[in-house]
Amino acid sequence: MSEPMSEAGLASEAGKLDAADELAALRERFVLDDVTYLDGNSLGALPAGVPARVEDVVRRQWGELRIRSWEESGWWTAPERIGDRIAPLVGAAAGQVVVGDSTSVNVFKALVAAVRMARGDGAGRDEIVVDATTFPTDGYIAESAARMTGCTLRQVTPAGVPSALGDRTAAVLLNHVDYRTGRLHDLPALTAAVHEAGAYVVWDLCHSAGALPVGLDEYGVDLAVGCTYKYLNGGPGSPAYLYVRRGLQDRFDSPLPGWNSHAEPFGMRPAYTPASGAVRGRVGTPDILSLLALEAALQVWDGVSVEAVRAKSLALTDFFLRCVGEYVPDGRVESLTPAAHAERGSQVALRCDDAGDVMKRLIERGVVGDFRAPDVLRFGFTPLYVGFADVERAARVLGETLV
């Protein structure tokens with residue numbers, strides 16, 4: 001039986017891991033301080049290039065060019081252009097992702113459109129299946145979409161989805177990563193099961209995009225949504241995105257048909273004719289300031305592969321769990337995050353009886369994670385700027401806090 005590793009030993013190991021980290025230099029692309037920031041799964045750190053870009057957008061593009069910027073500065077095409085920048089991060093070819101609105105609004109668009117497509121395939125599809133462990137907003141939206149479309153809403157855990165599917169299933173809404181526990185669900189297998197039942201799947205990628213490979217095109221996902229302020233570091237309230245598989249775009253019937261998705265947006269026609277392609281996912285005037293801040297933020301991904309990010313993410317979370325095992329007194333925390341790599345996102349969730357107070361004390365000592373009621377400490381690992389020394393420090397301070 002091996003002896004427990006000392007604090008000096010773990011700190012030394014962290015230093016060696018950081019020295020060998022091929023992504024370590026990316027930390028310089030962000031505005032950071034001495035705080036150990038492990039809350040990028042809620043709000044990513046500020047990319048260093050964003051302030052200057054926002055100043056240019058405000059002072060020159062808006063202040064000087066004014067309305068000319070819709071064409072001369074590329075404002076009008078920003079939702080699709082930035083969507084194409086996000087596409088490779090979620091495993092999609094260009095022309096299938098459009099950026100705009102919030103995640104909640106995009107969930108509504110996608111879910112209603114999925115039901116409409118299912119009914120177009122044949123009668124009798126009158127049931128929406130939703131992840132019972134989902135982020136609450138997705139559940140609220142699903143319930144509203146069910147009422148609006150005359151569907152029955154059925155809540156099922158992701159593991160129970162295959163056995164819950166049938167001839168009545170129209171659409172299934174699932175989370176790629178559980179926001180509480182960090183559990184990674186099996187997107188390929190669940191997507192295949194939904195398709196075998198003749199239904200359409202909508203994936204929420206909020207806690208996976210930018211942290212691990214998704215493979216939307218590879219696995220034939222129908223529709224997907226996600227936010228951009230977590231692992232994509234787009235800033236607070238930055239616009240979300242909607243993925244519509246190319247083969248479904250001519251059938252995508254949005255419940256929110258706006259002038260921005262019209263085939264002739266400036267024709268001011270009394271009747272709505274949808275545009276071609278992913279543009280159908282647009283609704284109203286784009287939120288230009290946050291859109292272009294997001295575009296600048298995405299430059300941190302230049303030359304970075306999602307596969308390398310995933311490898312580091314798993315190494316970081318493995319090391320954190322080891323350090324927690326060494327530093328935290330027995331019985332004080334319980335990991336809710338799966339140990340198996342194939343089932344783990346890029347966060348670690350620890351159950352702790354006094355989690356709210358513990359997190360406050362951690363933040364006071366410069367280790368920032370977050371708390372989810374009633375008893376969960378969440379630590380998010382953004383490989384672009386989190387290092388192994390950060391991980392060791394966070395576990396050590398947690399252990400000292402729980403003594």
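Q: How do the accessible areas come about here?
A: They come from the Shrake-Rupley method with a 1.4 Å probe; for residues, only the protein chains shown count as cover. The protein chain exposes about 16,600 Å². Carbon and sulfur atoms supply 54% of that area.

Q: What kind of model is this?
A: This is a predicted model: local features need pLDDT of at least 70, side-chain atom pairs count only at pLDDT 80 or more, and totals for chains, interfaces and linings use all residues. Residues are numbered from 1 along each chain as its sequence is written, and side-chain values use heavy atoms, with hydrogens and water left out.

Q: How many helices and strands?
A: The protein chain has 12 helices and 15 strands. These are DSSP runs numbered from the N terminus: helices are H or I, at least four residues, and strands are E, at least two.

Q: What share of the residues is buried?
A: Of the 403 residues, 54% count as buried. Buried means under 20% relative accessible area, exposed over 50%, partly exposed in between (1.4 Å probe, protein chains only).

Q: Switching to the open sheet. What is the strand order?
A: Seven strands run 4-10-9-8-7-5-6, with mixed pairing. Two strands pair if DSSP finds at least two bridges between them.

Q: Which strands stand at the edges?
A: Strand 4 (97-99) and strand 6 (152-156). Each has a single partner strand, so one side of each is left without a neighbour in the sheet.

Q: And strands 9 and 10, parallel or antiparallel?
A: Antiparallel, over four bridges. Strand 9 covers residues 223-226 and strand 10 covers residues 241-244. V225 has L242 in strand 10 as its bridge partner.

Q: What does helix 4 touch on the sheet?
A: Helix 4 (residues 78-86) touches strand 4 and strand 10. Contact means heavy atoms within 4.5 Å. The direction of helix 4 makes about 125° with that of strand 4. Axes are lines fitted to C-alpha atoms, for helices over the stretch in contact, and angles run from 0 to 180 degrees between N-to-C directions.

Q: Which of its residues are buried?
A: In helix 4, A78, P79, E80, I82, G83 and I86. Their cover includes strand 4, strand 10 and helix 9 (288-297).

Q: Now the largest nonpolar core. Which members touch the most others?
A: W301 and F320, out of 81 residues. Such a core is a set of buried Ala, Val, Leu, Ile, Met, Phe, Trp, Tyr and Cys residues joined through side-chain atoms within 4.5 Å. Helix 10 (residues 306-327) gives the most, with nine residues.
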